[in-house]
Amino acid sequence: MKNKRALFAVPYVGWMALFVVAPIVMVVLYAFTAASGGFTLENFARIGGYAVVFTRSFQLALIATVICLLIGYPVAYMISREGPRFQRVAMMLVMLPMWMNFLLRTYSWMSILENTGLLNRFFSAIGLFSLINRLFGVQLEYFPMINTQGAVVLGMVYNYLPFMILPIYSVIEKLDSSLLEAARDLGANSLGVFRKVILPLSLPGVLSGVTMVFVPSVSTFAISKLLGGSNELLLGDLIEQYFVGTSYNPYLGSAVALVMMVIVVVCMAVMNRFGEGEEQAVML
Amino acid sequence: MSKELIRLADCCMAFDGELVLDHINLYFNDSEFLTLLGPSGCGKTTTLRIIGGFITPTSGEVLFDGVRMNDIPPNLRQVNTVFQRYALFPHLNVFENVAFGLRIPKTEGGRKVKIPEAEIRRRVLEMLEVVSLKGFEQRRINELSGGQQQRVAIARALVNRPKVLLLDEPLGALDLRLRKDMQNELKRIQQQLGITFIYVTHDQEEALAMSDTIVVMDQGKIQQIGTPEDVYNEPKNAFVADFIGESNILDGVMHEDYVVEFFNRKFKCLDKGFSPMEPVDVVIRPEDIDIVPKEAGQLRGTVTSVTFKGVHYDTIVDFKGFKWLIQTTDYHPEGETIGIVLNPDDIHIMHKSQYSGLFGDYSSYSEEYEEMDDASLGGEGGDEE
């Protein structure tokens, strides 16, 4: 009986082995292989030169994650407090952008942020630049927005915000309302109910939201390429260059990918640990 | 002697235009164990939630010590609640669940006062001892059995020293054995602490066993208020008679004080104050009926079914088409013709009410049993919202 049911898992296990485990093994092998073949650690030694890219990637991903959390949590909380019909409509609106192609969404931000883009044309039309120029005696024709770190972070927040809202919303929405009543009954005001019951119980949602925003942000290459230009190279761009770009070097690319993966995994482990610790701290 | 703590004055509650509470007038005394008893949807939980502050009555007043409380939120009321399914905080251990209310700063004279940690500790441990959960402080909630969770919920509410504890079918989710134990436990705690318990249940046995006062409710109205003995022995109408215990309810006519006629025969009774020839409902409890040889009986009937119940036999007897339930320790086989004798104090007379004719005939006895089972199964689900 049990073995029979295990059969159902075979397709998935096969898929996993073929397309998840095998590639990871290949990346690990490549990372330790020299261009001439044969074992080497040199790939890792060369990574040091890209410390700036590593730092920038993690920094921008972190900023984007924090902003997503700051925007996403209140939104998720507010939606979950409303009636069921409002909740359905609101969640559909949250998901709506995701039905549009990812690249298309990012391209449209390009045309908004460009020097001659929508925003700058709007500012110009309302006479903002001539006002500033008159006041400060400068020659400003546009705000430089495209090809900045800000634009990259904006792109990350815009694209990944739903992944923050969704898990937090679903956790809060499922909270037993009698727990909130109990907290009230025991003397907690609205803030107390939130701080002592809703927040700690929604932590699992926050953790998965943070993971789901941080991981794709750290490894993105399309967003940085389109909105960050060539100045704001991220890890994803670096890896892409080594695999399909001009400086083809899958061995070095694998090393970069491996190091990034290890750092991400360590980050997540620490955070999950921290999350559990938080729960325990509340308990003690 | 006993001081009035809470009063509901002419309270009505409507949800979406549907009247759930219909002009409720009720007061609760100091140190009283009061039970709101009634079937699902009778308004008992709604009444409790109004006192707790979770809902505001559509009309009428909620008074605590004579002060209007209608718009005061639950966190500012001196009552605590034990919820139907405990509502314990899953992210906190037993100690922290109980300490929850104590850790919230209280405003006294415009200043926020925090209870010192040592006192919190002392009071939590003391309360865990009261509910027999000493040594469980560090346990997680999901490691506890239903009965233990129940005790934590009670301790968590009582540790705040409320003047009144509200209990919403707190034993509904426990099995029979545990329920009996917890009944005694609750009664003991109530007497030990000397505070008012307002207890909601649909289980009449539970209500009879624990209460000082029972308020029987149906269809959003109070049907009767009294001691357990009162509501059992002197039910006010056919609904109360049927809901509390088993009853044979027959149509009768009150000829004069102390004389009632039913089945074309006059019986002596202890009731008076009815109009002459007033049609009435007559209640006879199954355990009050004496079976005698058919020659010696005031009435004569045929046994149609016998069920062994452990302590007694449930014997259904057909009297001219009207079936009575008689509970007796003597065995009378199906088909036997028997006589019965009714003493004056076995006969209870009630005015006719909207419930007349709805209950009390045991022609469909087995179906009624099934219905009762359904009710007690469905009653668990907080069906009153």
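What is the mean pLDDT of chain A, and what share of its residues reach 70 or more? In this predicted model, the mean for chain A comes out at 89, with 95% of the residues at 70 or more. There is a weak patch, though: residues 279–284 of chain A have a pLDDT below 50, and beyond near neighbours in sequence this stretch has twelve contacts in the model.

As for the overall build of chain A, the secondary structure amounts to 14 helices and zero strands. Walking along the sequence, one simply reads α-α-α-α-α-α-α-α-α-α-α-α-α-α. The radius of gyration is 24 Å, well over the 19 Å that the globule rule gives for 284 residues, so chain A is more spread out than a compact globule. Laid along its principal axes, the C-alpha trace of chain A spans about 75 × 70 × 35 Å. Some 39% of the 284 residues of chain A count as buried. Contacts in chain A also reach across the sequence: taking those between residues at least 6 apart, 71% join residues at least 24 apart. On the outside, chain A exposes about 16,000 Å², and carbon and sulfur atoms supply 70% of that area.

One residue of chain A deserves a closer look. A:Thr220 sits in the loop between helix H11 (190–219) and helix H12 (222–228) of chain A. Is this loop residue, A:Thr220, buried or exposed? With a relative accessible area of 6%, A:Thr220 is under the 20% cut-off and therefore counts as buried. Once neighbours within four places in sequence are set aside, the residues in contact with A:Thr220 are A:Met156, A:Tyr160, A:Leu234, A:Gly236 and A:Asp237. By contrast, A:Ala17 lies 203 residues from A:Thr220 in sequence and 25 Å from it in space, C-alpha to C-alpha.

Next come the charged pairs. Side chains of opposite charge can pair when their charged atoms come close. Over all chains, the whole structure holds 19 salt bridges. In one of them, B:Asp22 pairs with B:Lys221, with 3.5 Å between the closest N and O atoms. That pair links distant parts of the chain, since B:Asp22 belongs to strand S2 (residues 18–29) of chain B and B:Lys221 to strand S12 (residues 221–226) of chain B, 199 residues apart. B:Lys221 is partly exposed, at 33% relative accessibility.

A salt bridge within one helix joins B:Arg122 and B:Glu126 at 3.4 Å, N to O. Both residues lie in helix H3 (residues 117–130) of chain B, four residues apart, or about one turn of the helix. B:Arg122 is partly exposed, with a relative accessible area of 44%, and B:Glu126 is partly exposed at 39%.

Another salt bridge brings B:Arg151 and B:Glu185 together at 3.1 Å, N to O. B:Arg151 is in helix H4 (residues 146–158) of chain B and B:Glu185 in helix H5 (residues 176–193) of chain B, so the pair ties together parts 34 residues apart in sequence. Here B:Arg151 and B:Glu185 are both buried. Elsewhere in chain B, salt bridges with shared partners join B:Lys3, B:Asp65 and B:Lys163 into one network.

Chain B also offers some strand pairing around S21. Strand S17 (residues 290–292) of chain B runs antiparallel to strand S21 (residues 337–341) of chain B, joined by three bridges. Strand S18 (residues 299–308) of chain B pairs with S21(B) as well, in the antiparallel sense over four bridges. B:Gly339 of S21(B) is the bridge partner of B:Val292 and also of B:Arg300.

Key. Residues are numbered from 1 along each chain as its sequence is written. Chains are lettered from A and ligands numbered from 1 in the order in which they are written. This is a predicted model: local features need pLDDT of at least 70, side-chain atom pairs count only at pLDDT 80 or more; totals for chains, interfaces and linings use all residues. Side-chain values use heavy atoms; hydrogens and water are left out. Helices (H or I, at least four residues) and strands (E, at least two) are DSSP runs, numbered from the N terminus. Buried means under 20% relative accessible area, exposed over 50%, partly exposed in between (1.4 Å probe, protein chains only). Contact means heavy atoms within 4.5 Å. A salt bridge is a side-chain nitrogen of Lys or Arg within 4 Å of a carboxyl oxygen of Asp or Glu. pLDDT is the predictor's confidence in each residue, from 0 to 100. Two strands pair if DSSP finds at least two bridges between them. The radius of gyration is taken over C-alpha atoms; the globule rule is 2.2 Å times the number of residues to the power 0.38. Accessible areas come from the Shrake-Rupley method with a 1.4 Å probe; for residues, only the protein chains shown count as cover.
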